[in-house]
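Please open the model in a viewer and keep the sequence beside it. This tour proposes a series of selections, with a short account of what each one shows.

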Amino acid sequence: MPDELLDRLRRFQRDDFPLRRSHFRMLVDDGQHPTTLFIGCSDSRLVPYLLTGTGPGELFLVRNVGAFVPPYDGSAGFHGTAAAIEFAVLNLQVSRIVVCGHSHCGGIRALYGEVPAAALNLRQWLELGREAVLPVAEPGPEVLRRTEQRAVVLQLERLMDYPMVRPLVEARRLSLHGWHYVIEDGEVHVFDILRGGFVPASQADNAGTGPYRPHEPDELSGLLDGSGVPAGP
Ligand SMILES: [Zn+2]
């Protein structure tokens, strides 16, 4: 039986790698110095390198269902996403953190539906988006889009609870960026806290919320009750 995956591995090493050999050699000799931590949903249609025009060595990636950030609770469990955040900020000293959700997100949709009983870890993980859910029984496309965007804002708030993140953000040495990628348009909508919502990149004057302005309690409640997040396209 032909093994297509094996064929692809061989093709990369034979055809593609030689064109990039010197670049990878440099990344090995000098080490990696990515400036951006990209926290994205695992969805196969979200391709961070395409969106940002980046290549090897430029993005430190962590991906999970929903692009969620677990709370910093000091429990020192097997928290892969939290470990990646710590490594990116403390070791790599990135200057940007992007949280990127997207349209038609199965993780967000699952918040309104049933999760298979056997998916114990998924069920628990999805709770990290629960606060973004809107009080409707049958979510239509508009509700789902608003939920996806609200979930991104929630994760930015959680990032600010990481003790190695907040001081750097407040010192303006680290910026946080909330993105919502609309797959069918090929456009990222960036969260702009000054404009109080998500703005298509084609109309934005920055790449997201940075520099982050620590929220006022009223401001956050406005965002999370939906009144601060304008309707998407
Ligand atoms: Zn997703």
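How many bridges join strand β4 (residues 175–182) to β5? Four bridges join them, and the two strands run antiparallel. Strands of a sheet pair through backbone hydrogen bonds, either parallel or antiparallel. Here, two strands pair if DSSP finds at least two bridges between them. Helices (H or I, at least four residues) and strands (E, at least two) are DSSP runs, numbered from the N terminus.

Two remarks are needed before continuing. Residues are numbered from 1 along each chain as its sequence is written. This is a predicted model, in which local features need pLDDT of at least 70 and side-chain atom pairs count only at pLDDT 80 or more, while totals for chains, interfaces and linings use all residues.

**The whole chain**

Display the entire protein chain, which has eight helices and six strands. From the N terminus on, the order of elements is α-β-α-β-α-β-α-α-α-α-β-β-β-α. Of the 233 residues, 32% are buried. A residue is called buried if 20 or more other C-beta atoms lie within 10 Å of its own, exposed if 12 or fewer, and partly exposed in between, with C-beta atoms placed from the backbone.

**Strand β5 and its two hairpins**

Select residues 187–192, which form strand β5. This strand is mostly covered, with five of its six residues buried. On the β4 side, Val182 stands opposite Glu187 in β5. The two strands form a hairpin with four residues between them, and Gly186 in the turn has a positive phi of about 65°.

Now add strand β6 (residues 197–200), which is joined to β5 by four bridges and runs antiparallel to it. Find Val190, whose bridge partner in β6 is Val199. This hairpin also has four residues between the strands, and Gly196 takes a positive phi near 75°.

**The full sheet**

Extend the selection to the open sheet of six strands, whose order is β2-β1-β3-β4-β5-β6, with mixed pairing. Strands β2 and β6 stand at the edges, each with a single partner strand, so one side of each is left without a neighbour in the sheet. Neighbouring strands are turned by 25° against each other on average, direction ignored. For such angles, axes are lines fitted to C-alpha atoms, for helices over the stretch in contact, and angles run from 0 to 180 degrees between N-to-C directions.

Helix α3 packs on the sheet, touching β1 and β2, and its direction makes about 165° with that of β2. Helix α6 (residues 141–159) also packs on the sheet, touching β3 (96–102), β4, β5 and β6; its direction makes about 160° with that of β4.

**Helix α3**

Select residues 80–91, the 12 residues of α3. From its first C-alpha to its last, α3 reaches 16 Å, close to the 16 Å expected at 1.5 Å a residue; the expected span is 1.5 Å times one less than the number of residues. Which residues of α3 are buried? They are Ala82, Ile85, Ala88 and Val89. Seen down the axis of α3, the buried residues fall within an arc of 130°, so they line one face of the helix; the arc is that of the directions from the helix axis to the C-beta atoms.

The face turned away from the buried side carries the exposed residues Gly80, Ala83, Leu90 and Asn91. The cover over the buried residues of α3 includes β1 (36–41), β2 (59–64) and α7 (166–170). Just after α3, Gln93 takes a positive phi of about 55°.

**Helix α6 and the core**

Return to α6, where 14 of 19 residues are buried. Next, colour the largest nonpolar core, which has 45 residues. A nonpolar core is a set of buried Ala, Val, Leu, Ile, Met, Phe, Trp, Tyr and Cys residues joined through C-beta atoms within 7 Å. Those touching the most other members are Leu37, Ile39, Ile97, Val99, Cys100 and Trp179. The largest share of this core, seven residues, comes from α6.

**A last stop: Gly129**

Finally, select Gly129, in the loop between α5 (120–126) and α6. Is Gly129 buried or exposed? Gly129 is buried, with 25 other C-beta atoms within 10 Å. Gly66 lies 63 residues away in sequence, and the two are 7.8 Å apart in space, C-alpha to C-alpha.

Key: Contact = placed C-beta atoms within 7 Å.
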